[in-house]
Amino acid sequence: VVESHVPQIKRLADTVAKDHPSRKHLNSTWKLARSAIDKLIRVLQRELLLDRSKYFTSKNALVPLVYYLAQAGKGQPAARMIKRFFLLSQLSRHYGSSSESVLRHDFRTMREEPTPRRGLEELVTSVYRQARAEGYPRLKIGPAQVCGVSSQNVFVLLMYILMRNRDASDWGDDGKKLSDIAPREMQLHHIFPFDYLTKDKVALKVYTDDGKSPAEFREDVNDIANMTFLSQGKNADIGNDPPWEYLPLQTTKEVRKAHFIPENPALWKPDKFCDFFEERRHLLARAMTSFLKKLR
């Protein structure tokens, strides 16, 4: 995109085949692209405390941002707009379908504006409107929206950002920060372990007495509201231990707060999983709404 000003890889191949740009020219373009990528990484690290990409719902959001930084030159990057576009494009599922055509449209928008900054401003306005239309008026997150499986779920990304902002740590005596856990070693941990809870007849009975099915029960156990971020070693160490046993041993009040764990120990029992589930959704939703309001 830095060389060809369009998001199709084939265009670069066509340009090289047709115009035969010199090695010096291509090296200069590559240097500019690397510089823009490095700037973007620094902005995401500084503004959002993002240190890994595994929880992005779409990495396509990085492409117009790299292009903007390459075009903007050596001036101070518009960090607030970069942060807004990145988060709102994830929240609105801007690149959720037909991503190639959406990228082409975004690049036309950027090129039609008189300056790179104005182009980025237009993209921010577009994804903000889209997020509102997707069910987030005034960027408010309702507890019922914090749900679903973890794969490609924007709330997993927001959970990670919020926990990094709260300086969350791994559990146990080591207490190393989430930022110190290598990406390959970071795992999503079921607070109520799946095997433990799905075999608990009392917990299942609470669900069926409420008119829900065993399948819905298993879905909720696998829901993101029952998950947090831990190292692979700590996740394995906890295994199938119930939270009412391991939480007092593995965590402190401050650690639990950083992971949005409801503080009432009664909610850590299997027969109270429904109440735990709903309380944690409320805690996460309130924090997400407060965080996103700063983007308006």
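Helices, taken as H or I runs of at least four residues, and strands, taken as E runs of at least two, are DSSP runs numbered from the N terminus. The model described here is predicted, so that local features need pLDDT of at least 70 and side-chain atom pairs count only at pLDDT 80 or more, while totals for chains, interfaces and linings use all residues. Residues are numbered from 1 along each chain as its sequence is written, and side-chain values use heavy atoms, with hydrogens and water left out.

Helix α3 is followed by G73, whose phi is positive, near 85°. Within α3, the residues P64, L65, V66, Y67, Y68, L69 and A70 are buried, where buried means under 20% relative accessible area, exposed means over 50%, and partly exposed lies in between (1.4 Å probe, protein chains only). These buried residues of α3 pack against α2, α4, α5 and α6.

The largest nonpolar core, a set of buried Ala, Val, Leu, Ile, Met, Phe, Trp, Tyr and Cys residues joined through side-chain atoms within 4.5 Å, holds 66 residues, of which L50, F85, F86, L91, I141, F229 and M288 touch the most other members. Two or more residues of this core come from each of α2 (23-48), α3 (62-72), α4 (79-91), α5 (99-112), α6 (116-133), α7 (154-165) and α14 (273-293), and α7 gives the most, with ten residues. When neighbours within four places in sequence are left aside, L91 is in contact (heavy atoms within 4.5 Å) with A131, Y136, L139, I141, V154 and L292. A second, separate core of 21 residues includes F217, L230, Y246 and W268.
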